[in-house]
Amino acid sequence: MIRRLRKEKNLLATKSWMFLLAPLCIFCAACSHPPAPKTAGTQAPISGAASTQRPTLVFMTDFGTANDAVALCKAVMLGIGPDIRIMDITHQVTPFSIEEGSRFLAAVSEYYPAGTVFVAVIDPGVGTSRKAVIVKSKKGQYFVLPDNGLITPVIDRDGLDHAYEITNTNWMIQAAISSTFHGRDIFSPAGAHLVMGWDYTLAGPEVAQLVRMTPKTATVTDKGVAGDVIGLDDPFGSLITDITADEIKQLGYNFGDKISFQLDKKPLMLPFGRTFMDVAVGEPLLYINSRGRLGIAVNQGDYSKKFKVTPPGEIFIPRKGAPIKGR
């Protein structure tokens, strides 16, 4: 009996030592093997990025939200890359307004990094001979859009690297191509393939000359500045003009001045405020908006609805102290 108890005690002690030594043995065995090589084909990080996260896809259309068009486009994108991160500029661009779309695209793309892919579909010429293109700017951003001038302000600011027409059917939806919905069938799959790392030079032939749009710009003369009302700052109803802050400064005006001007040839006088609360609630003013353009607003109101003014329109502001004589 005593001999059996001693044998069990010795066996228990042996097992305890084995339990304590096991982790050390595993550690030594691990140290004796070199680290496993990195998986072949791992995506390289975007130039200037701190991680290997895929580029963002930024989406803009004039499709609105009353139908399924935007959802269909996103479904195509996610079918190609389920982990694609899709951001929206807006889908409320005024229908067919290439100029408004180009203004939004230029304003937003300035804040995104190199490598970002933009899919922009304002395409009144869908189904015609107009080209579907991928444009790379010298900033290193990619733009998938119709060749109708939509890209003009971006290229004027950032410069053109290269542009390629999308003719390779591998870049398109793998089904019949609609003659009226290239947003779903061409632009969405092409944008998704770019995000997934496809080489845009293989999308089709290089485009030597892109279609240019001539955006409206104000004209400064010795009499003053003549410009246009080019849009609404929805949902607030403030008018947006193409007159810049620098042009207002050239005329000699400062915040706090009352400015006499013509809007659609109708004489008006409004205070020039730094911010909306420089006037009483419900009162109108001139101001410089966040994009550096002259705007006309109502403090906590809708100028367009209150005064029944909608774009397009004309505006003339004389030099400080000069009479209003029109454009």
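Nine aromatic pairs are counted in this predicted model, where rings of Phe, Tyr and Trp (its six-membered ring) pair if their centres lie within 6.5 Å. One aromatic cluster is formed by Tyr112, Phe118 and Phe143. Because the model is predicted, local features need pLDDT of at least 70 and side-chain atom pairs count only at pLDDT 80 or more, while totals for chains, interfaces and linings use all residues. Residues are numbered from 1 along each chain as its sequence is written, and side-chain values use heavy atoms, with hydrogens and water left out.

Turning to the overall fold, the chain holds seven helices and 14 strands, taken as DSSP runs (H or I, at least four residues, for helices; E, at least two, for strands) numbered from the N terminus. Of its 327 residues, 43% count as buried, that is, under 20% relative accessible area with a 1.4 Å probe, protein chains only. Among contacts (heavy atoms within 4.5 Å) between residues at least 6 apart in sequence, 64% join residues at least 24 apart.

The largest pocket offers about 1300 Å³ of space; a pocket here is an open set of points on a 1 Å grid where a 1.4 Å probe fits, with protein on both sides within 12 Å along at least five of seven lines, and lining residues have an atom within 4 Å of a point. Its lining has 38 residues, and Arg103, Phe104, Ile230, Arg291 and Arg293 are the closest to the pocket centre. Elements giving two or more residues to this lining include strand 2 (86–90), helix 4 (152–158) and strand 8 (224–233). Helix 3 provides the largest share, eight residues.

Technical notes: Phe/Tyr/Trp six-rings, centres within 6.5 Å; stacked < 30°, edge-to-face > 60°. Buried < 20%, exposed > 50% of the residue type's maximum accessible area, 1.4 Å probe, protein only. Points joined across faces, edges and corners; volume = space filled by probe spheres on them.
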